[in-house]
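Open the model in your viewer and keep the selection panel at hand. The stops below can be taken in order.

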Amino acid sequence: MNGIDYVTEYEYVTVALLCVLMGLYCARRKFHTPSNTLFLMMMFYTFLSAVMHIITTKTLNAADTLPLWLNYTIHIGYLLAYDFIAIMYMIYVIAITKRSHIELMDRVLACVITAGYVIGLLTTPWTKLIIYFDENMNYCHGPLFLSLPIMALMILLYSLLLFIRYRKELKPAQNIAIVIFTAFTTVATIVQLILPEQIIGNFAIALSLVMFLISLENPADYIDSSTGCSNSAAFYITIDSFISHRRSFSAVAFRPDGLNYFTQLIGLKESNRLCAGIAGQLMSKLDTKEFYFLGDWTFVVITDIKHSPSREEAVKLISEFFDSPLKINGSDAAVTPYICTFAYPDFAESVKDVIDSIDYTLRYTIKHNIPVAAATSEAIEAKKREMRILADINQCIINNSFEMYYQPLYDVQSGRFISAEALIRMRDSELGFISPEEFIPLAEANGLILQIGELAFRSVCEFLKSGCAQKLGVEYIEVNLSVIQCLQEKLASQFIEIMDEYSIDPRLINFEITETAGLANYDILIKNMKQLIAHGVTFSMDDYGTGFSTANYLINLPTDTVKIDKSILWPAMESGEAFIILRHTIEMLKSLRKKIVVEGVETAEMVRLLSEIGCDYLQGYYYSKPVPADAYVDFLKENAFAGENTTVTE
Ligand code: C2E
Ligand code: CA
Ligand code: CA
């Protein structure tokens with residue numbers, strides 16, 4: 001085989017091109033992913049292979065002046081570098097098609113091929129199977145030389161099959177990169193077999209690496225643009241890599257609470273700046289780059305690994321940071337961080353488990369006002385239940401299969417059941433009855449409450465359209481509205497349209513709204529209320545006594561009825577002081593000329609006391625639990641005109 005006049009110009013171009021590619025690669029901010037690392041190795045081996053190849057062609061004609069071992073070292077080095085590119089390429093394709101989980105079969109395959117190459121080439125000076133130097137120091141191909149290009153082609157073929165199978169999971173640029181690589185290297189291998197002097201393999205690879213650089217995971221994909229922290233995609237990859245290598249780590253996630261009010265005031269841009277400020281200061285305080293922003297004001301620090309603090313230290317530093325109020329637009333905002341700690345290995349088996357348990361625990365800590373809590377396997381179970389309930393909600397929306405129950409309201413003065421509260425019900429084939437206390441907050445968090453609200457209202461209109469309740473003395477039905485609904489610009493016009501559609505007199509409807517802490521923008525709410533009131537609808541303020549900005553709401557919102565919550569009534573039956581609070585609450589509301597409903601009336605004793613201190617309407621299990629529409633009509637038939645001393649027991 002000696003005596004061929006190899007064309008080396010391609011290799012010079014290859015070396016130059018790779019210098020540029022490696023320069024570009026190093027200049028870019030990198031995020032560590034398996035495919036990025038493999039790309040770097042492919043560049044390195046191609047560079048090495050081109051340089052070694054130049055050396056082999058230069059030394060080929062002077063082989064007899066060099067020691068035999070050096071000749072072998074140069075040639076074997078070149079062939080190893082060249083063949084390693086193919087192996088790296090195969091692992092690269094495996095990595096991008098199956099993300100970080102390289103299956104056992106692939107590992108074995110990669111090891112066997114590598115071992116085959118290494119053993120075959122390292123033993124060739126003795127076996128003379130692949131290459132050898134004859135007695136005149138001429139470079140010759142052994143009988144198995146062709147196994148090298150054949151093996152390379154087989155690797156290409158296997159990578160191609162993988163690509164065809166998983167191509168849908170790849171980004172378009174990755175697809176193009178692989179097609180180009182396969183086409184270029186196949187053509188180059190064939191050309192080389194036909195025209196051995198045209199050594200264009202490295203050149204073809206270098207050209208396709210340009211495409212790989214473009215398709216490479218863009219570091220910007222892993223940075224959250226508003227905070228400058230690593231984002232949820234980066235968190236996913238990092239945690240996935242920890243879990244697949246069974247490396248232990250811990251994490252501290254936190255969500256600052258108390259910012260809602262300010263962020264509504266300052267707008268999105270300023271909120272993002274505030275978020276970035278918090279992230280930047282905490283990152284330097286914790287002195288780590290393992291700081292992630294998952295969106296929705298949720299930050300996570302990976303702890304107990306190299307260059308990161310311990311879990312305890314992170315919790316302490318985060319709590320300390322929020323001890324002093326944040327400066328927002330010149331005012332001081334007291335912010336509470338709710339913190340969730342997490343440890344691996346403990347119970348989590350996948351990234352999803354990690355993210356789900358952190359998310360659930362954070363929401364739990366905020367709801368129950370617990371400053372620091374550890375994520376547990378129960379959180380995963382609870383999150384699964386939530387997902388199931390969300391699926392149920394979606395199903396019920398599609399099939400319109402929510403049920404509407406009615407709980408009568410007793411008018412103390414007339415002794416009649418003049419109204420009822422409409423309460424929604426949902427059932428799951430396995431979980432059974434799901435309380436609205438559980439599914440309504442979930443629907444609110446996911447925006448599904450808007451569809452539920454509409455269906456619920458339609459159901460009440462349908463019920464009223466039949467007119468049975470009205471004939472039995474019912475004057476209006478109370479319909480619960482979620483705050484999310486009240487903040488929709490079009491709520492009033494939408495609901496007026498629905499009433500028109502069912503030909504419902506708006507005076508038959510009373511909407512219950514709840515006080516909500518930290519609502520910065522009352523404008524839309526008040527606009528909706530005024531528009532509906534102008535139409536004839538009335539409003540009640542629900543759950544009075546459980547909220548925060550009570551006085552504000554009483555003064556600013558045009559409600560004519562206030563519903564006192566059971567949490568004010570029940571203690572009043574137990575203690576004298578609590579009774580004084582209830583009595584004064586009622587007196588105060590009376591002087592504001594509000595009508596008063598008391599909820600949670602369960603005993604005759606409650607009825608007697610509440611009637612004495614001037615409540616207008618009573619609602620509770622003492623009269624009836626919420627019941628389906630038919631049962632409610634039956635109840636009305638039995639009790640509608642029962643007179644002043646009605647006492648109905650379940
Ligand atoms: P809420 O508006 O405060 O409704 C009153 C809740 O107290 C109802 O629970 C009712 O069944 C319960 N209740 C009434 N009287 C008594 C009593 O004497 N003793 C006891 N222990 N409980 C009593 P429910 O039906 O489970 O509803 C829970 C919450 O779900 C409601 O609280 C309301 O906030 C929400 N909800 C229900 N239906 C709807 C709806 O259609 N839309 C919206 N947005 N929320 C709804
Ligand atoms: Ca209510
Ligand atoms: Ca209530």
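Select Arg-255 and then Tyr-338 in strand 8: the two residues stand opposite each other. The model is predicted. Two positions of the ladder can be picked out here, since Ala-253 likewise stands opposite Cys-340 in strand 8.

Now widen the selection to residues 249–257, which form strand 3, and 336–344, which form strand 8. These two strands run antiparallel and are joined by 9 bridges. Helix 12, residues 351–367, packs on the sheet and touches strand 3, strand 5, strand 8 and strand 9. The direction of helix 12 makes about 150 degrees with that of strand 8.

Add helix 11, residues 311–321. Helix 11 lies across strand 3, strand 5 (298–303), strand 8 and strand 9. Relative to strand 8, helix 11 runs at about 170 degrees.

Colour strand 8 by accessibility. Of its 9 residues, 8 are buried, and the strand is mostly covered.

Stay on Cys-340 and look to the other side. Which residue is the bridge partner of Cys-340 in strand 9? The partner is Ala-373. Strand 8 and strand 9 run parallel, with 3 bridges between them. Trace the chain from strand 8 through helix 12 to strand 9: these elements make a β-α-β unit, and the unit is left-handed.

Next, show the whole sheet. The sheet is open and has 5 strands in the order 4-5-3-8-9, with mixed pairing. Which strands stand at the edges? They are strand 4 (291–295) and strand 9 (372–374). Each has a single partner strand, so one side of each is left without a neighbour in the sheet. From one strand to the next, the twist averages 25 degrees.

Leave the sheet and go to the metal sites. Select the calcium ion (ligand 2) and display its protein donors: Glu-421 (OE), Asn-480 (OD1), Glu-512 (OE) and Asp-542 (OD), at 2.1 to 2.3 Å. Along the sequence, the donor residues of the calcium ion (ligand 2) have the spacing E-x58-N-x31-E-x29-D. Glu-421 belongs to strand 11 (residues 416–428) and Asn-480 to strand 13 (residues 476–480), so this pair ties together parts that are 59 residues apart in sequence. Are these two donors buried or exposed? Glu-421 is buried, at 4% relative accessibility, whereas Asn-480 is partly exposed, at 30% relative accessible area.

Asp-542 leads to the next stop. Asp-542 bridges the calcium ion (ligand 2) and the calcium ion (ligand 3), and the two ions lie 3.8 Å apart.

Centre on the calcium ion (ligand 3). The protein donors there are Asp-542 (OD), Asp-543 (OD) and Glu-599, which is listed with two OE entries, at 2.2 to 2.6 Å. The donors of the calcium ion (ligand 3) follow the spacing D-D-x55-E along the chain. Asp-543 lies in strand 15 (residues 538–544), and Glu-599 lies in the loop between strand 17 (595–598) and helix 23 (604–612), so the pair ties together parts that are 56 residues apart in sequence. Check the surface at both residues: Asp-543 is partly exposed, with 24% relative accessible area, and Glu-599 is buried, with 7% relative accessibility.

Now select the cysteines. How many disulfides does the model have? The count is 0. Take Cys-275: the nearest cysteine sulfur is that of Cys-229, 7.2 Å away, and Cys-275 is in no disulfide. Cys-275 is also buried, at 3% relative accessibility.

Move to Cys-396. Why does Cys-396 form no bond with the closest cysteine sulfur? That sulfur is in Cys-461, and at 20 Å it is too far for a bond; the cut-off for a disulfide is 2.5 Å. Cys-396 is buried too, with a relative accessible area of 6%.

The last stop is Asn-272, placed in helix 10 (residues 260–286). Asn-272 is partly exposed, with a relative accessible area of 30%. Draw a distance from the C-alpha of Asn-272 to the C-alpha of Leu-481: they are 31 Å apart in space, and the two residues are 209 apart in sequence.

Conventions: Residues are numbered from 1 along each chain as its sequence is written. Chains are lettered from A and ligands numbered from 1 in the order in which they are written. This is a predicted model: local features need pLDDT of at least 70, side-chain atom pairs count only at pLDDT 80 or more; totals for chains, interfaces and linings use all residues. Side-chain values use heavy atoms; hydrogens and water are left out. Buried means under 20% relative accessible area, exposed over 50%, partly exposed in between (1.4 Å probe, protein chains only). Donors are N, O and S atoms within 2.8 Å of the metal (3.2 Å for Na, K and Ca); water is not among the atoms, so sites may look incomplete. Helices (H or I, at least four residues) and strands (E, at least two) are DSSP runs, numbered from the N terminus. Two strands pair if DSSP finds at least two bridges between them. Axes are lines fitted to C-alpha atoms, for helices over the stretch in contact, and angles run from 0 to 180 degrees between N-to-C directions. Contact means heavy atoms within 4.5 Å. A crossover is right-handed if, with the strands pointing away from the viewer, the path from the first strand over the helix to the second runs clockwise.
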